[in-house]
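User: I would like to learn how to read local features of a protein model, such as ring pairs, charges over rings, cavities and unusual backbone angles. Could you take me through them one at a time?

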Amino acid sequence: MERDWEEFLAPYEQTVSELKVKLRGIRKQFREQNRHVPIEFVTGRVKPVDSIVTKSQLRHIPMSRLEEEMSDIAGLRIMCQFVEDIHQVVDIIRKRKDMKVIQERDYITNKKASGYRSYHLVIEYPVQLISGEKKILAEIQIRTLAMNFWATIEHSLNYKYQGVFPEEMSERLQRAAEAAYQLDEEMSNIREEIQEAQRLFSHGRGKRDDVYYRTVLNREKKEEVTDESSDRS
């Protein structure tokens, strides 16, 4: 019997939508309290059907076990300015009562062989449906802007080389990953100065006239447009 993918994915789409609102709500609360905002921006997606099928075949996951064994059908990504922000966000999510962390993978302390760095959380989220509550697995990836830039490029190249990089390309990607991490370390070293400058902008000139604040607002508007486009596609 052929699976009704629209019905199967509906709870995942609702989960991603609700989690984006809640995670962006955290960002808003920090800003309203005039505190450093550890979340730069949030994105989310539901894995396409062809990707689900391909992954299930590669990982030998029976279609009847997708809900239990494939944790990234619902996926969210949180971008941060600093590595320290990542750990703060992880701690915030751990303490929440509306979702439960069931697995953590620290690829920042223990980077992948490719050079990939990020912090992954697998959570269990209780989504409310007309048929009742359903617990959905979702993966949240938390990384800095520099880590995300590297991961985006590596992901694009992965399509070209089908996961098998030439040795020279692999070495160059590893060097680029180290350069990105060194950038994060340098930003951490001047973190207090950066945060102080951002506070001066916000308090000294008024939030609405603050270049940084307006940049953040524009980014939020772009997130909303992107989300609307994704929902229509």
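Analyst: Let us begin with helix H1 (residues 5–32), where Trp5 and Phe8 are 3 residues apart and therefore separated by about one helical turn; helices (H or I, at least four residues) and strands (E, at least two) are DSSP runs, numbered from the N terminus. The model is predicted, so local features need pLDDT of at least 70 and side-chain atom pairs count only at pLDDT 80 or more, while totals for chains, interfaces and linings use all residues. Residues are numbered from 1 along each chain as its sequence is written, and side-chain values use heavy atoms, with hydrogens and water left out.

User: How many aromatic pairs are there, and why is the pair of Trp5 and Phe8 given the class it has?

Analyst: Rings of Phe, Tyr and Trp (its six-membered ring) pair if their centres lie within 6.5 Å, and planes under 30 degrees apart count as stacked, over 60 as edge-to-face and the rest as tilted. By this rule there are 3 aromatic pairs. The ring centres of Trp5 and Phe8 are 5.6 Å apart and their planes stand at 85°, so this pair is edge-to-face. Ring pairs also link Trp5, Phe8 and Tyr12 into a cluster. Both Trp5 and Phe8 are buried, where buried means under 20% relative accessible area, exposed over 50%, and partly exposed in between (1.4 Å probe, protein chains only). The rings of Tyr107 and Tyr116, with centres 6.0 Å apart and planes at 65°, are likewise edge-to-face because of that angle, and Tyr107 and Tyr116 are both buried.

User: Which charged end sits over the ring of Tyr116?

Analyst: A charge sits over a ring if NZ of Lys or CZ of Arg is within 6 Å of the ring centre and within 35 degrees of the ring normal. For Tyr116 the charged end is that of Lys112, 5.1 Å from the ring centre. Arg191 lies over the face of Phe82, at 5.8 Å from the centre of that ring.

User: What is the volume of the second largest cavity, and which residues line it?

Analyst: On a 1 Å grid over the protein atoms alone, a cavity is a set of points where a 1.4 Å probe fits but cannot get out, and lining residues have an atom within 4 Å of a point. The structure holds 2 cavities of 30 Å³ or more, and the second largest has a volume of about 60 Å³, a volume being the space filled by probe spheres set on the points. Its lining includes Gly115, Arg117, Met147 and Trp150. Helix H5 (145–161) and helix H6 (167–189) each supply at least two lining residues, and the largest share, 4 residues, comes from H6.

User: Is Arg117 buried or exposed?

Analyst: Arg117 is buried, with a relative accessible area of 9%, and belongs to the loop between strand S3 (100–106) and strand S4 (119–129). The side chain of Arg117 makes a polar contact (a pair of N or O atoms within 3.5 Å, one able to donate a hydrogen and the other to accept it) with the side chain of Glu178, at 3.3 Å.

User: Where does His60 lie, and what is its phi?

Analyst: His60 lies in the loop between helix H2 (49–58) and helix H3 (66–69), and has a positive phi of about 55° although it is not a glycine. His60 is exposed, with a relative accessible area of 67%.

Methods
On a 1 Å grid over the protein atoms alone, a cavity is a set of points where a 1.4 Å probe fits but cannot get out, and a pocket is an open set with protein on both sides within 12 Å along at least five of seven lines; lining residues have an atom within 4 Å of a point.
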